[in-house]
Amino acid sequence: MKKIIILFAFLLCAVFYTEASFAYQIKADAQTKRIPAGTKLQLEAANTVTTETLRKGDMFSAYLTQDIYTDGSVVLPKGTIVRGNTANVIRKKRLSKSAVLYLNFDHVVAPNGKQLPIRAGISSNLKLTDDGGIGGGGYKEAFLEGADTSGGIIKKSVNWGVNSGEELFKGGKYLVTPFAAVGGTVAGGGYLVYDSVANLFRKGKTTVITKGQKFGIMLLEPLDVPVY
């Protein structure tokens with residue numbers, strides 16, 4: 001009987017200790033500061049990522065470039081690691097279709113070393129598709145780039161005519177410039193036609209985020225950071 005009483009007392013102590021420890025853990029975990037949804041985090045890529053080599057599921061890392069404050073105190077210091085993975089990669093294709101890279105942001109590493117899950121999306125400094133991918137673009141964008149180059153050829157030709165005409169004799173720009181403009185138009189137009197046809201068979205661009213490149217993400221859900 002005495003042994004049973006001792007065993008019962010031991011079990012009561014064990015239960016009490018477990019409940020006390022659990023209560024303390026809850027209390028400790030409750031000491032957090034919230035970073036609200038919509039907060040923008042400025043990041044710097046820790047390594048180069050490119051659609052030429054990335055595969056779905058590959059990991060990447062970035063660093064905070066500035067402190068994040070809540071209630072006047074730093075909750076995520078500059079240099080905090082933000083990690084994620086590649087959600088999908090669409091390779092570049094012909095018709096000048098550029099590659100598209102989709103990234104998931106998984107977690108940040110809190111000052112105490114704990115990994116905190118996050119939901120966030122790209123917000124700035126990277127070209128985005130309508131569905132949130134990085135990169136993209138096709139024949140239309142390639143044509144517009146060619147048109148810009150063609151326009152640049154014409155502009156340079158006109159400027160050359162103005163400068164060269166004035167060097168020949170005063171008022172010579174009025175004689176030389178029209179011929180230069182015609183030549184530039186022919187050259188620029190020829191380039192645009194050639195480039196437009198070439199873009200039908202040309203592959204698009206590789207999408208790259210280089211090491212050290214800065215970009216912004218925005219929290220889509222609040223982030224509770226433990227503070228002790």
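## Exercises: a cavity, a core and some salt bridges

Strand β4 (residues 59-64) supplies 3 residues to the lining of the largest cavity, the most of any contributor. Keep in mind that you're looking at a predicted model.

**Exercise 1. Find out how many cavities of 30 Å³ or more the structure has, and work out what kind of residues line the largest one.**

Step 1. Start with the search of the whole structure: it turns up 1 cavity of 30 Å³ or more. The space inside the largest cavity comes to about 40 Å³.

Step 2. Now list the lining. You should have Ala-45, Asn-47, Val-49, Phe-60, Ser-61, Ala-62, Leu-103, Ile-209 and Phe-215.

Step 3. Sort these residues by type. The lining has 7 nonpolar residues and 2 polar ones, with no charged residue.

**Exercise 2. Decide whether Asn-85 is buried or exposed, and list what Asn-85 touches beyond its neighbours within four places in sequence.**

Step 1. Place the residue: Asn-85 sits in strand β7 (residues 81-90).

Step 2. Check the accessible area. Asn-85 has a relative value of 16%, and the cut-off for buried is under 20%, so Asn-85 is buried.

Step 3. Look around Asn-85, skipping neighbours within four places in sequence. One set of contacts is Gly-57, Asp-58, Met-59 and Phe-60. The others are Tyr-102, Leu-103, Asn-104 and Asp-106.

Step 4. Tie this back to Exercise 1. Two of the residues Asn-85 touches, Phe-60 and Leu-103, also help line the largest cavity.

**Exercise 3. Take the salt bridges Arg-34 with Asp-224, Lys-214 with Glu-44, and Arg-119 with Glu-221, and say which parts of the chain they link.**

Step 1. Get the total: the whole structure has 4 salt bridges.

Step 2. Take Arg-34 and Asp-224, whose closest N and O atoms are 2.7 Å apart. Arg-34 belongs to strand β1 (residues 32-35) and Asp-224 to strand β14 (residues 223-226), so this pair ties together parts 190 residues apart in sequence. Arg-34 is partly exposed at 48% relative accessible area, and Asp-224 is partly exposed too, at 31%.

Step 3. Move on to Lys-214 and Glu-44, with 3.3 Å from N to O. Here strand β13 (residues 214-219) holds Lys-214 and strand β2 (residues 40-45) holds Glu-44, so the parts tied together are 170 residues apart in sequence. Glu-44 counts as partly exposed, with 28% relative accessibility.

Step 4. Finish with Arg-119 and Glu-221, where the closest N and O atoms are 3.3 Å apart. Arg-119 is in the loop between β9 (115-117) and β10 (120-124), while Glu-221 is in the loop between β13 and β14, 102 residues away. Both ends are partly exposed: Arg-119 at 45% and Glu-221 at 38%.

**Exercise 4. Describe the largest nonpolar core, then list the contacts of Leu-223.**

Step 1. Recall the background: in soluble globular proteins, nonpolar side chains tend to be buried together.

Step 2. Count the residues: the largest nonpolar core has 31. Leu-43, Phe-105, Phe-215, Ile-217 and Leu-223 have the most contacts inside it.

Step 3. Ask which strands build this core. At least two residues each come from β2, β4, β6 (73-76), β7, β8 (100-109), β10, β13 and β14. Strand β8 gives the most, with 4 residues.

Step 4. Zoom in on Leu-223, again leaving aside neighbours within four places in sequence. Leu-223 touches Lys-33, Arg-34, Ile-35, Leu-76, Val-108, Leu-116, Pro-117 and Ile-118. Among them is Arg-34, which you met in Exercise 3 as the salt-bridge partner of Asp-224.

Terms used:
Residues numbered from 1 in each chain as written. Predicted model: local features only at pLDDT ≥ 70, side-chain atom pairs only at ≥ 80, totals over all residues. Heavy atoms only, no water. 1 Å grid on protein atoms, 1.4 Å probe; cavity = no way out; pocket = protein on both sides within 12 Å on 5 of 7 lines; lining within 4 Å. Points joined across faces, edges and corners; volume = space filled by probe spheres on them. Nonpolar A, V, L, I, M, F, W, Y, C, P; charged D, E, K, R; others polar. Buried < 20%, exposed > 50% of the residue type's maximum accessible area, 1.4 Å probe, protein only. Contact = heavy atoms within 4.5 Å. Salt bridge = Lys/Arg side-chain N within 4 Å of Asp/Glu carboxyl O. Core = buried A, V, L, I, M, F, W, Y, C linked by side-chain atoms within 4.5 Å.
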